[in-house]
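Please find below a colleague's note on the structure, set out as numbered points for a reader who is new to the subject.

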Amino acid sequence: QVQLLEFGGGSVQAGGSLTLSCAASGRIVSIGDMGWYRQVPGKQRALIARISPLGITTYADSVKGRFSISRDNGKNTVFLQMNNLQPEDTDFYYCKADSLDEEIQRFLEVWGQGTLIIVSS
(Lines give C-alpha, C1' and ligand atoms only; values in the text may rest on other atoms or scores of the structure.)
Protein backbone atom coordinates (compact mmCIF):
# COMPACT_ATOMS: atom_id res chain seq x y z
CA GLN A 1 0.00 0.00 0.00
CA VAL A 2 1.23 3.48 -0.88
CA GLN A 3 0.82 6.49 1.38
CA LEU A 4 1.28 10.20 0.70
CA LEU A 5 2.57 12.61 3.32
CA GLU A 6 2.20 16.34 2.77
CA PHE A 7 4.27 19.16 4.25
CA GLY A 8 4.30 22.92 4.05
CA GLY A 9 0.81 24.23 4.73
CA GLY A 10 0.22 27.29 6.84
CA SER A 11 -0.76 30.93 6.94
CA VAL A 12 0.62 33.77 4.88
CA GLN A 13 -0.30 37.32 3.99
CA ALA A 14 -1.50 38.22 0.53
CA GLY A 15 1.40 38.46 -1.88
CA GLY A 16 3.43 35.94 0.08
CA SER A 17 4.78 32.54 -0.90
CA LEU A 18 4.58 28.98 0.35
CA THR A 19 5.98 25.69 -0.85
CA LEU A 20 4.13 22.40 -0.45
CA SER A 21 5.78 19.01 -0.72
CA CYS A 22 4.29 15.54 -0.86
CA ALA A 23 6.26 12.30 -0.56
CA ALA A 24 5.03 8.85 -1.50
CA SER A 25 6.11 5.87 0.56
CA GLY A 26 5.23 2.20 1.06
CA ARG A 27 4.97 -0.55 -1.56
CA ILE A 28 5.81 1.62 -4.57
CA VAL A 29 6.00 -0.16 -7.92
CA SER A 30 5.66 2.86 -10.16
CA ILE A 31 4.27 6.37 -9.71
CA GLY A 32 2.52 8.03 -12.64
CA ASP A 33 1.12 11.54 -12.59
CA MET A 34 1.35 13.49 -9.34
CA GLY A 35 -0.62 16.60 -8.58
CA TRP A 36 -2.27 19.03 -6.22
CA TYR A 37 -5.99 19.62 -5.85
CA ARG A 38 -8.16 21.89 -3.76
CA GLN A 39 -11.44 21.14 -2.09
CA VAL A 40 -14.37 23.08 -3.50
CA PRO A 41 -17.28 22.99 -1.03
CA GLY A 42 -20.02 20.68 -2.27
CA LYS A 43 -18.06 19.67 -5.37
CA GLN A 44 -15.31 17.31 -6.45
CA ARG A 45 -11.76 18.30 -5.75
CA ALA A 46 -10.47 20.71 -8.40
CA LEU A 47 -7.11 20.45 -10.11
CA ILE A 48 -4.50 23.05 -9.23
CA ALA A 49 -1.54 21.51 -11.03
CA ARG A 50 -0.26 18.10 -12.07
CA ILE A 51 2.95 16.76 -13.51
CA SER A 52 3.72 13.59 -15.43
CA PRO A 53 6.77 11.39 -14.78
CA LEU A 54 8.42 13.07 -17.79
CA GLY A 55 7.73 16.53 -16.41
CA ILE A 56 4.76 17.57 -18.53
CA THR A 57 2.72 20.03 -16.49
CA THR A 58 -0.89 21.20 -16.41
CA TYR A 59 -2.18 24.16 -14.41
CA ALA A 60 -5.56 25.59 -13.52
CA ASP A 61 -6.06 28.98 -15.17
CA SER A 62 -6.33 30.64 -11.76
CA VAL A 63 -2.75 29.74 -10.79
CA LYS A 64 -0.89 30.07 -14.10
CA GLY A 65 2.09 32.36 -13.69
CA ARG A 66 1.93 32.17 -9.89
CA PHE A 67 2.32 28.46 -9.02
CA SER A 68 4.97 26.03 -10.21
CA ILE A 69 4.86 22.25 -9.84
CA SER A 70 7.93 20.03 -9.94
CA ARG A 71 8.88 16.51 -8.89
CA ASP A 72 11.82 14.38 -7.85
CA ASN A 73 11.20 10.95 -9.36
CA GLY A 74 14.04 9.37 -7.40
CA LYS A 75 12.37 10.40 -4.13
CA ASN A 76 8.76 10.01 -5.36
CA THR A 77 8.10 13.57 -4.21
CA VAL A 78 6.14 16.40 -5.77
CA PHE A 79 6.46 20.07 -4.93
CA LEU A 80 4.19 23.08 -5.39
CA GLN A 81 5.81 26.50 -5.25
CA MET A 82 3.08 29.08 -4.68
CA ASN A 83 3.89 32.74 -5.22
CA ASN A 84 1.77 35.88 -4.98
CA LEU A 85 -0.83 34.06 -2.89
CA GLN A 86 -4.23 35.71 -2.65
CA PRO A 87 -7.11 35.30 -0.16
CA GLU A 88 -9.06 33.32 -2.74
CA ASP A 89 -6.31 30.69 -2.65
CA THR A 90 -7.38 29.84 0.92
CA ASP A 91 -8.45 26.21 1.01
CA PHE A 92 -7.45 22.66 1.87
CA TYR A 93 -4.86 21.40 -0.64
CA TYR A 94 -4.58 17.69 -1.38
CA CYS A 95 -1.78 15.78 -3.01
CA LYS A 96 -2.65 12.94 -5.40
CA ALA A 97 -0.48 10.31 -7.02
CA ASP A 98 -1.31 7.58 -9.51
CA SER A 99 0.27 4.42 -8.14
CA LEU A 100 0.66 1.24 -10.16
CA ASP A 101 -1.11 -1.72 -8.59
CA GLU A 102 1.04 -4.67 -9.62
CA GLU A 103 -1.72 -7.25 -9.16
CA ILE A 104 -4.24 -5.64 -11.48
CA GLN A 105 -1.70 -3.72 -13.60
CA ARG A 106 -3.61 -0.48 -13.30
CA PHE A 107 -2.75 2.90 -11.87
CA LEU A 108 -4.89 3.71 -8.83
CA GLU A 109 -5.39 7.11 -7.21
CA VAL A 110 -3.78 7.69 -3.82
CA TRP A 111 -4.62 10.86 -1.85
CA GLY A 112 -2.82 12.69 0.90
CA GLN A 113 -4.53 13.83 4.07
CA GLY A 114 -4.75 17.47 3.00
CA THR A 115 -3.02 20.58 4.24
CA LEU A 116 -4.63 23.93 4.98
CA ILE A 117 -3.49 27.13 3.29
CA ILE A 118 -4.79 30.41 4.74
CA VAL A 119 -4.07 33.67 2.95
CA SER A 120 -4.99 36.84 4.81
CA SER A 121 -5.54 40.19 3.16
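The points that follow go from the whole chain to its sheet, its core and its disulfide.

1. Overall make-up. The model is a predicted one. The chain contains 0 helices and 11 strands, so that from the N terminus onwards each element in the series is a β strand.

2. Size and packing. For 121 residues, a compact globule would be expected to have a radius of gyration near 14 Å, and the chain agrees with its value of 14 Å. The C-alpha trace spans about 50 × 30 × 25 Å along its principal axes. Of the 121 residues, 40% count as buried. Among contacts with a separation of 6 or more, 54% are between residues 24 or more positions apart.

3. The sheet. An open sheet is formed by 4 strands in the order β1-β3-β8-β7, with antiparallel pairing. Strands β1 (2-7) and β7 (67-72) stand at the edges; each has a single partner strand, and therefore one side of each lacks a neighbour in the sheet. From one strand to the next, the twist averages 15°.

4. A pair within the sheet. Strand β3, residues 18-26, pairs with strand β8, residues 77-82, in the antiparallel sense over 6 bridges. Within this pairing, Cys22 stands opposite Val78 in β8.

5. The nonpolar core. In soluble globular proteins, nonpolar side chains tend to be buried together. Here the largest nonpolar core has 27 residues, and those with the most contacts inside it are Trp36, Ile48, Phe67, Val78, Leu80, Met82 and Tyr93. Elements giving two or more residues to this core include β4 (31-38), β5 (46-51), β9 (91-101) and β11 (115-120). The largest share, 4 residues, comes from β3.

6. One core residue in detail. Which residues does Tyr93 touch, leaving aside those up to four places away in sequence? Its partners include Trp36, Ile48, Phe67 and Met82, which are also among the core residues with the most contacts. Tyr93 further touches Glu6, Leu20, Tyr37, Arg38, Gly114, Thr115 and Ile117.

7. The disulfide. The count comes to 1 disulfide, which joins Cys22 to Cys95 with an S to S distance of 2.1 Å. The pair links distant parts of the chain, since Cys22 lies in strand β3 and Cys95 in strand β9, 73 residues apart. The torsion about the S-S bond is about -85°, so the disulfide is left-handed.

8. Burial of the two cysteines. Are Cys22 and Cys95 buried or exposed? A residue is buried when its relative accessible area is under 20%. Cys22 has a value of 0% and is therefore buried; Cys95, also at 0%, counts as buried too.

Terms used: Residues numbered from 1 in each chain as written. Predicted model: local features only at pLDDT ≥ 70, side-chain atom pairs only at ≥ 80, totals over all residues. Heavy atoms only, no water. Pairing = 2+ DSSP bridges. Axes fitted to C-alpha atoms, helices over the stretch in contact; angles between N-to-C directions. Core = buried A, V, L, I, M, F, W, Y, C linked by side-chain atoms within 4.5 Å. Buried < 20%, exposed > 50% of the residue type's maximum accessible area, 1.4 Å probe, protein only. Contact = heavy atoms within 4.5 Å. Disulfide = S-S within 2.5 Å. Rg over C-alpha atoms; globule rule 2.2 N^0.38 Å.
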